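Reader: I'm new to this structure and would love a close look at a single part of it. Could you pick one strand, walk me through its surroundings, and then show me what else is worth a look?

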Amino acid sequence: MSSSQPLDLRLPTPGCYDDPERAGINADAVFDGMTEHLFFTLGKLAPTASLHDLYMALSYAVRDRLMTRYLASLEAIRARPQKTVSYLSAEFLIGPQLNNNLLNLGIQQEAEEALRRFGIESLNHILEVEEEPGLGNGGLGRLAACYMESLATLQVPAIGYGIRYEFGIFNQIIRDGWQVEVTDKWLKGGWPWELPQPDETCFVGFGGHTESYRDEKGNYRSRWIPAEHAIGVPHDVPMLGYRVNSCNRLRLWRADATESFDFYAFNIGDYYGAVEEKVGSETLSKVLYPNDGTDEGRRLRLKQQHFFVSCSLQDMLRSLEKRGIPIEDFANHWTVQLNDTHPAIAVAELMRLLIDLHHFDWGTAWEITSKSVSYTNHTLLPEALEKWDLNLFKSLLPRHLELIYEINRRFLQHVRLRHPGNESIVRKLSIIDEEGGKAIRMAHLATIGAKNVNGVAALHSNLIKRQLLPEFAALWPKKFTNVTNGVTPRRWVALANPELSALLDKEVGPEWITNMELLKNLESKESDSSFLEEFGATKLLAKRKLAGYIHRQTGVLVDPSSMFDVQVKRIHQYKRQHLNALQIITQYLRIKNGKSQGMPPRTIIFGGKAAPGYYMAKLIIRFINGIAETINADPDMDGLLRVIFLPDYNVKLGEQVYPASDLSEQISTAGKEASGTGNMKFAMNGALTIGTLDGANVEIRELVGAENFFLFGKTESEIMELRKNGYNPKEFINASQELSEAIRLVELGHFSNGDVDLFRPILNNLTGEDPFFVMADFADYLRAQDNVSRAWIDREKWNRMALLNTARSGFFSSDRSIREYCENIWQVNPLPVEITCDVN
């Protein structure tokens, strides 16, 4: 990725860029900024200001200091046009913004000093007040956030496009062991990081019908007459890079009605009808992922996807027009990355905008589209590869259906030329699924329209070509590639783990934060006992912090010197939290049966949310909590075993969990996890992994060393062989006495207060079909856990293994991932921004 020369901006409005009262970054300037915003923005006096008031004031003061860089970056791309990354994602789990921006500006200490003048002794008191934006569900949204941060840090011009969900992912509370979903009102106290842009709205249509006509040149055209419209209002969130002037933006669309109030309906007494259009339109940006178990839920979800994609593409085309750049040069100025299949409608929508609004012919429009769009696949699970019922799709997007039919017709002509007489492969590759009720395969649409298709780990990308889309890969072998996921070390080490970060600064220099390969220099310390002790001490400090949090939240006391064995991720059967639960029962039985000799104390920590409509996942949460309740109340377990389920797991909590973890549970069924990113965060923070050869576990094991990774489980090919030969889980249950005993204890209602029916669905699943091969992997998982216990006893050896995990984790920086995207897929160069005025 080559670097452009810095752009010398001599800006015409110096007050916007060089205001010493709003751009200074010493403690006095930050204090003055806070005082000004308390008074003028919030209408508060310092003596009566609450912690939330001070959080808002500090955030506004920090945002002021972003504006110089934010506006200069916008001006840079206007003054020197070049290709910009457009990252389309239904989720951006960006996490709290205040501390991240303080770190990237380099003013954490200055903020601490300013707060002390208000009588606040620690920045942490203010950080605890900050609400987390509920703009994502899990790894997909967190990856998008890491990538936006790395794009800015690498000074690559980029815009992230998504939805400004008023109510994001739900807040989770645990009541009687069950997950209960509570509305996430993350905007209730105001959010100081967004900049509404009401003068840059977009109109989006739904439903209606199409009409054919001939244009002035006699060409056949189709005109869409939508039955309803919504307005997309952009809200921009500045995304600053680490210690650079480049500040990109995350543009989130809020839905408004074209008419908010019907006076006629109100005057005749139809009070709901007076606001019906407003309520209906604004529902589009109300909630992240409506339950698609109903027709209305599916309808809303498709409308959401089209809404944000259409707004985003209109915005890109408008930006070219504003700058006087011809629309036919779109692919030279925008590279559009689809983050999974949610934005796949972009292929049809870009074609519609180019053909219907800008009057390009089909060939030109398709060339622009296929040169500018790329698609990242994030899953091999069939249910996660979106398909839309044809009738639903036609009722909402009739013009897009016409375009998809034509894309499909032309594509299948090409397929028939390659495979004459082979209608079987034609059916497999068609965008339209003819099996059962007709449906549109969005992954096929994205694959056909994209110039590149990438997986997110080496194994995953290989499985895409071998299992998921093999016929497409045979047709276009050069289109398919891999970019292994990465995570930003700024948030996940520097912010989350300040003690480890300080140690790394001292040993390898502060440059590691943007050049993670420097951490390899730590390998020279692997035999240095005093350094290993110091490295272990940073872990113990983090564990003490987490132990305090656990006690405050759950009332359970845990021993920070015990092994913190952690599995935090979305609750799903393929992630196999129930496999972990069963081995906990085995450890429990060993203790009860007097077989605890040599067993090190463990605190086993779970966290994660289940989709509201996913009953089995919610029952797994109840199962874990039933086990925890029994174990934590049993005096025989004292000093040996504790089980914790952390409610409402999110980015903010993750920043406490990853640094405190000794063992990382990455135990999904081989071939099911696309990549995983939690595994990378654990490794960076010096946790050892127990895991299968799945997703990025494969690359982690290769890089940190097989001797520093606890491997277990059947491989993806062995799983396929088991399935082919008629897998019978009962054979594995009968072969393992400890597994049989664990299952029997659950059957007896031991973890459900005698209710023998509560966990029967889990038992029936495991002893019947066992779709994720829990029983097949149990014995080997238990063997690996015994190896973990033996390794833990030699603490110096454990610290050495942990150190090598940190030292060899540089590959998993999102900076490396973004460089690969820039070089291999996007062909985008950095655009450094140099601000000539002094903002320091």
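Author: Strand β2 (residues 84–88) pairs with strand β12 (residues 334–339) in the parallel sense, over 5 bridges. Within that pairing, Y87 stands opposite Q337 of β12. A second partner is strand β3 (residues 158–163), which is also parallel to β2 and is joined to it over 4 bridges. Here S86 of β2 stands opposite I159 in β3. Please keep in mind that this is a predicted model. Along the chain the pLDDT averages 93, and 94% of the residues score at least 70. Over residues 6–16, though, the pLDDT is below 50; this stretch still has 23 contacts in the model beyond near neighbours in sequence.

Back to β2: are its residues mostly covered or uncovered? They are mostly covered, with 5 of 5 buried. In a regular strand the side chains alternate between the two faces of the sheet. You can follow this in β2, where T84, S86 and L88 point one way while V85 and Y87 point the other way. Residues on both sides of β2 are buried.

Now for another sheet. It is open, with 6 strands in the order β21-β20-β19-β22-β23-β24, and its pairing is parallel. β21 (641–646) and β24 (709–711) stand at the edges with a single partner strand each, so one side of each has no neighbour in the sheet. On average, neighbouring strands here are turned by 20° against each other, direction ignored. At the β24 edge, strand β23 (residues 688–691) is joined to β24 by 3 bridges and runs parallel to it. T689 stands opposite F709 of β24.

Helices pack on this sheet too. Helix α24 (residues 577–592) touches β19 (563–568), β20 (602–607), β21 and β22 (663–666), and its direction makes about 155° with that of β20. Helix α34 (residues 795–807) lies across β22, β23 and β24, running at about 85° to β23.

One last stop is helix α29 (residues 716–724), where E716, I719 and L722 are buried. Seen down the axis of α29, its buried residues fall within an arc of 120°, so they line one face of the helix. An α-helix has 3.6 residues a turn, so residues three or four places apart point the same way. The buried residues of α29 pack against α19 (458–468), α30 (729–735) and α33 (774–793). Just after α29, G726 takes a positive phi of about 85°.

Conventions: Residues numbered from 1 in each chain as written. Predicted model: local features only at pLDDT ≥ 70, side-chain atom pairs only at ≥ 80, totals over all residues. Heavy atoms only, no water. Buried < 20%, exposed > 50% of the residue type's maximum accessible area, 1.4 Å probe, protein only. Helix = DSSP H or I, 4+ residues; strand = E, 2+ residues; numbered from the N terminus. Arc of directions from axis to C-beta. Contact = heavy atoms within 4.5 Å. Pairing = 2+ DSSP bridges. pLDDT = per-residue confidence, 0-100. Axes fitted to C-alpha atoms, helices over the stretch in contact; angles between N-to-C directions.
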